[in-house]
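Colleague: I should like a close look at a single part of this model, namely the surroundings of one bound molecule.

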Amino acid sequence: MADLPQSFDPSFSSLWWPRDDKPATDTRLPSAGPVKIAVIGGTGLYKIDGYVPIGRVNPLTPWGYPSAPIVILEHGGVPVAFLARHGEHHQIAPHEIPARANIAALRSLGVRSVVSFSAVGSLQEEVRPMDFVVPDQVIDRTKGNRPFTFFEDGLVGHVPFADPYDDKIAQVVRNCAQHMEGEGVVLHSKGTAVCIEGPQFSTRAESHMYRSWGGSVISMSLLPEAKLAREAELAFQVICMATDYDCWREGEGDVDVAMVMARMGGNAENARRLVGAVLDELARPEHADLVSAKHLEGASVGAVAFCTKPEGRNPEALKKAQYLFPGFLEQ
Ligand SMILES: CSC[C@H]1O[C@H](OP(=O)(O)O)[C@H](O)[C@@H]1O
Ligand SMILES: Nc1ncnc2[nH]cnc12
């Protein structure tokens, strides 16, 4: 059996077994302690340079397996978990992403802060392809087909979501990008993201409508990851990279996959450098509380405890929630 981190709850040890039932012999978990920081990579970001892979884990959560085995990377003694949102071969469509398993699996490893990465269309002239955007708002245009909450089936919880992303992580990203301005990194420090259902791109009428709503960028993967991270008390921020002007801009080709891939490829180096700089910064001791998401601790327990009375709580739903929060609402 693989070495487990000190903080790891042994009752979940059997979950550290790869999907194909092969022993996790390639898993050497970090000596530096629990893995607190994770990166979720989207289109075009399938690895992070400068980090050494030291293990792969594939936890079976009450919501199934994550999109891909989670790769544990290490750099300067700091462990980071990396998860490919669309699977290792980009074989999972946005509406098929097992977002609950992804977030739950990361949390089960000790992760408390997540930097997510998304390829997006630009809805504003000034957000040029290759620019980065750190959104502070999101408009949900998914169709309710995707699982978007951990609290259901006899356990109700309503967490605040007025500010869907984590401004403390966003500030770290902004500072890092500022230092990289002369090196071709252009970052817009705020913005409203629109998350559509996909997998088809938008119609021209929709694209114009999203612009009129004040949307800055558009993607298919910004939600429900963020909602679930909030419920799981993880500090979560998405970094977007514009790859196209969707289909609203006259004289510009309408978005297609080849365009997205080409622009991601063209700017992949900057994306990796930005993510690397953010991780290095987050690893500094002054960000220890942020990385541990101390500012979110207890929010979900409260959100449920005030809602569903003890006699109405479904034991099965409670057991699932206890995977996220061991001891959750135990009498
Ligand atoms: C391959 S184009 C559409 C695809 O790109 C974005 O992916 P991600 O956000 O994971 O980087 C978009 O959301 C779609 O999934
Ligand atoms: N125009 C677009 N719409 C939705 N998702 C995208 N990902 C990249 N470009 C996109």
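Which polar backbone atom is 2.8 Å from an oxygen atom of ligand 1?

Modeller: The polar backbone atom belongs to methionine 220, and its partner is an oxygen atom of ligand 1 at 2.8 Å; a polar contact is a pair of N or O atoms within 3.5 Å. The model is predicted, with local features requiring pLDDT of at least 70 and side-chain atom pairs pLDDT 80 or more, whereas totals for chains, interfaces and linings use all residues. Residues are numbered from 1 along each chain as its sequence is written, chains are lettered from A and ligands numbered from 1 in the order in which they are written, and side-chain values use heavy atoms, without hydrogens or water.

Two side chains also approach oxygen atoms of ligand 1: a polar atom of histidine 86 lies 2.5 Å from one, and an N or O atom of serine 118 is 2.5 Å from one. Of the 390 Å² of accessible area that ligand 1 has on its own, the protein covers 94% (Shrake-Rupley method, 1.4 Å probe).

The residues around the ligand, with a heavy atom within 4 Å of it, include Gly42, Thr43, Arg85, Pro94 and Phe201. This shell divides into five nonpolar, six polar and one charged residue, where Arg counts as charged, Pro and Phe as nonpolar, and Gly as polar.

The UniProt record, in an unreviewed entry, lists residues 36–279 as "domain: Nucleoside phosphorylase"; such annotations may be inferred rather than shown by experiment. The end C-alpha atoms of this span lie 11 Å apart, and the span is 25% helix and 25% strand (DSSP runs of at least four and at least two residues, respectively).

Conventions
A polar contact is a pair of N or O atoms within 3.5 Å; within protein, one must be able to donate a hydrogen and the other to accept it, and residues adjacent in sequence count only if both atoms are side-chain atoms.
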